[in-house]
Amino acid sequence: MIHYSVIPMEVIFEGFDAYSPQYLDIEVDGFMMQIEPLSGYQARIVRLYSCNPQDYLNEHYTPGSIISYQPQLALNSTR
């Protein structure tokens, strides 16, 4: 990608290397997706994990959409 600007590159990319989002993989309504938790019970969809092309046409689960979800702890029952 080429970016032409009169603004110095140091100003444009300031703080770029400090950004490190935390992603989670969850399942919502049968859709596996990667999300970025925002606050409380809201998250932004980063990507869908699906082999079905029809899943990507669902407007409720497009990347960038904000969804509500409830985080759950995975219980390990190995004894």
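Let me start with the nonpolar core, and say at once that what we are looking at is a predicted model. The largest nonpolar core has 11 residues, namely I26, V28, F31, M33, I35, A43, I45, L48, Y61, I67 and Y69, and the elements that give two or more residues to this core are β1, β2 and β3.

One of the core residues, M33, is worth following on the screen, and it leads us into the strands. M33 stands opposite L48 in β3, and, if we leave aside its neighbours within four places in sequence, M33 is in contact with L24, D25, I26, V28, I45, R47, L48, Y49, Y61 and I67. Several of those names belong to the core list as well, including I26, V28, I45 and L48.

Now to the sheet that carries these residues. Four strands form an open sheet, ordered β1-β2-β3-β4, with antiparallel pairing; the edges are β1, residues 24–28, and β4, residues 66–68, each of which pairs on one side only. From one strand to the next, the twist averages 55°. As a general reminder, the strands of a sheet pair through backbone hydrogen bonds, either parallel or antiparallel.

Taking the pairings in turn, β1 and β2 pair in the antiparallel sense over five bridges, and within that pairing L24 has I35 in β2 as its bridge partner. The hairpin of β1 and β2 has two residues between the strands, and in this hairpin D29 takes a positive phi near 55°. Strand β2, residues 31–39, is then joined by seven bridges to strand β3, residues 42–49, the two running antiparallel.

Let me turn to the aromatic residues: how many aromatic pairs does a search of the whole structure find? The search finds two. In the pair of F13 and F16, the ring centres are 6.1 Å apart and the planes stand at 75°, so this pair is edge-to-face. F13 is partly exposed, with a relative accessible area of 44%, whereas F16 is exposed, at 63%.

The other pair is F31 with Y61, whose ring centres lie 4.8 Å apart with the planes at 40°, so here the pair is tilted. This pair links distant parts of the chain, since F31 sits in strand β2 and Y61 in the loop between β3 and β4, 30 residues apart. Are these two residues buried or exposed? F31 is buried, with a relative accessible area of 14%, and Y61 counts as buried too, at 10% relative accessibility; both appear in the core list I began with.

I would like to finish with two residues that are not on that list. E36 lies in strand β2, and why does E36 count as buried? Its relative accessibility is 13%, and buried means under 20%, so E36 counts as buried. Beyond its neighbours within four places in sequence, E36 is in contact with Y19, P21, Q22, Y23, A43, R44 and V46, and A43 among them is a member of the core.

The last residue, S65, is found in the loop between β3 and β4, and at 16% relative accessibility S65 counts as buried. The side chains of S65 and T62 are joined by a polar contact of 2.8 Å. Leaving aside, once again, its neighbours within four places in sequence, S65 is in contact with A43, R44, I45, E59 and H60, and among these A43 and I45 bring us back to the core.

Definitions and conventions:
Residues are numbered from 1 along each chain as its sequence is written. This is a predicted model: local features need pLDDT of at least 70, side-chain atom pairs count only at pLDDT 80 or more; totals for chains, interfaces and linings use all residues. Side-chain values use heavy atoms; hydrogens and water are left out. Two strands pair if DSSP finds at least two bridges between them. Axes are lines fitted to C-alpha atoms, for helices over the stretch in contact, and angles run from 0 to 180 degrees between N-to-C directions. A nonpolar core is a set of buried Ala, Val, Leu, Ile, Met, Phe, Trp, Tyr and Cys residues joined through side-chain atoms within 4.5 Å. Buried means under 20% relative accessible area, exposed over 50%, partly exposed in between (1.4 Å probe, protein chains only). Contact means heavy atoms within 4.5 Å. Rings of Phe, Tyr and Trp (its six-membered ring) pair if their centres lie within 6.5 Å; planes under 30 degrees apart count as stacked, over 60 as edge-to-face and the rest as tilted. A polar contact is a pair of N or O atoms within 3.5 Å; within protein, one must be able to donate a hydrogen and the other to accept it, and residues adjacent in sequence count only if both atoms are side-chain atoms.
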